[in-house]
Amino acid sequence: MYQYHCLNPIAEVGLDLFTEDYQKTEELNDAQAVLVRSAAMHDLELPEGLEAIARAGAGVNNIPLEKCADKGIVVFNTPGANANGVKELVFAGMLLASRDIVGGIDWVLENKDNENVKKDAEKAKKAFAGNELAGKKLGVIGLGAIGVRVANAATHLGMEVYGYDPFISVNAAWNLSRNVKHINSVEEIYSACDFITIHVPLLDDTKKMLNKEAFAQMKDGVVVLNFARDLLVDEEAILTAIEEGKVKKYVTDFPNTITAGKKGCIVTPHLGASTQESEDNCAVMAVKEIKDYLENGNIRNSVNFPNCNMGACTQAGRIAILHKNKKGIIGKFSNILGDGDINITDMTNKSRGDYAYSLLDLESNVTEEIVGQLAALDGVLKVRVIK
Ligand SMILES: NC(=O)C1=CN([C@@H]2O[C@H](COP(=O)(O)OP(=O)(O)OC[C@H]3O[C@@H](n4cnc5c(N)ncnc54)[C@H](O)[C@@H]3O)[C@@H](O)[C@H]2O)C=CC1
Ligand SMILES: O=C(O)C(=O)COP(=O)(O)O
């Protein structure tokens, strides 16, 4: 029996995939698996028995990835599962920034008891006039699951789209419309675009990527959209750029004390992935990843260990070894198993940076003693007996 704990509400359609071999626990300490959305995990004490964390979503900056890897805890995310939800809200953000829709709606609310509201609206509306998206230049920084969708959709609205991503994946490049202009230097986006939207992960080298120097290069009246993470933008600097008339609107999905209620800021409460479709997609993918890992040892969409897939085990035994990426370590596994008279029938070893994963199918079951010997090897983080 496996126990799982949810640090945030996770869509039922996903949790329903857990069979009778799984039980939900309210105690983090009892869990072998954790499901999470945006809950902050950096200061959490991680239980000894924890094997896997699945982030039902894309961004993993709320999870201590290296600390987890050192404890042999595999962290997953759900690439692309909420990308359409974010894409659609980005367009809502662009429209809110170019037409005074909120001002107009507020005017109607203020005039709800005015019996001349119909006639007065025709006079009042000029105060809420705006601009169209068609014909404008949109710069997309980060062409991953969300950026590609935003870029492609914008071409269909008649926008001229510039895309920048020095690390674009082959898959994303395949999906990108040929009408998106390939930009090699982000400065070209700054100087050319009327709308700039950022879709990169929050990492040490993307923090405050949009800063004073970047704003200085932008066109007067630019609209900046941030549906990725607040720390990607120097928000004190963008408030100054708004005051100076450089930035017309800053649309952000991440409320904080810097931007909430400030002039020129349109702030939504982290709603990008809050659609039933995205929540369902993320939950289903996250639960499938956890099940495949706990039941078969397969790793799909991990962000701290390499991916590895050997299907379901058809042999007598299977063990998984989470270890450091060290020379000679696989030979040591083989020696210990050989000395224990256990034949390896199939194995996969994959590495990712400093970490590695070995999945071994065995002709007979391992004893506790053998597991102990493997676990005691220098560089081994965890040994799991799967079958
Ligand atoms: N507002 C919300 O509710 C949501 C926000 N997000 C945020 O959006 C981010 C992106 O999500 P996805 O597109 O699904 O991720 P993704 O991993 O598919 O795409 C990220 C892209 O950024 C690129 N990139 C990395 N560093 C870059 C740099 N310095 N310059 C340009 N490109 C760079 C990568 O090559 C990759 O193609 C997530 O990390 C998360 O922080 C994601 C989902 C929902
Ligand atoms: O997937 C992401 O990176 C998100 O920001 C979505 O966060 P959420 O799952 O809505 O708390």
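Ten residues need naming around ligand 2 in this predicted model, and they come from separate stretches of the numbering: Arg37 and Ser38, then Gly57, Ala58 and Gly59, then Asn82, and finally His270, Gly272, Ala273 and Ser274. In terms of chemistry, the shell around ligand 2 leans on polar residues, with seven of them, next to two nonpolar residues and one charged residue. The charged one is Arg37, and the nonpolar pair is Ala58 and Ala273.

Stepping back to the whole chain, the protein is built from 13 helices and 16 strands. Its C-alpha atoms take up a box of roughly 90 × 45 × 35 Å along the principal axes. Of the 387 residues, 40% come out as buried. As for how the chain meets itself, 64% of the contacts with a separation of 6 or more are between residues 24 or more positions apart.

Toward the end of the numbering, an unreviewed UniProt entry lists residues 318–387 as "domain: ACT". In the model, that span is 29% helix and 43% strand. The C-alpha atoms at the two ends of residues 318–387 sit 5 Å apart.

How far can the coordinates be trusted, going by the predictor's own scores? The average pLDDT of the protein is 98, and 100% of the residues score at least 70. For the model as a whole, ipTM is 0.99 and pTM is 0.97.

Terms used: Residues numbered from 1 in each chain as written. Chains lettered and ligands numbered in written order. Predicted model: local features only at pLDDT ≥ 70, side-chain atom pairs only at ≥ 80, totals over all residues. pLDDT = per-residue confidence, 0-100. Helix = DSSP H or I, 4+ residues; strand = E, 2+ residues; numbered from the N terminus. Buried ≥ 20, exposed ≤ 12 C-beta atoms within 10 Å, placed from the backbone. Contact = placed C-beta atoms within 7 Å. Near = placed C-beta within 6 Å. UniProt positions renumbered as here; feature names shortened; annotations may be inferred.
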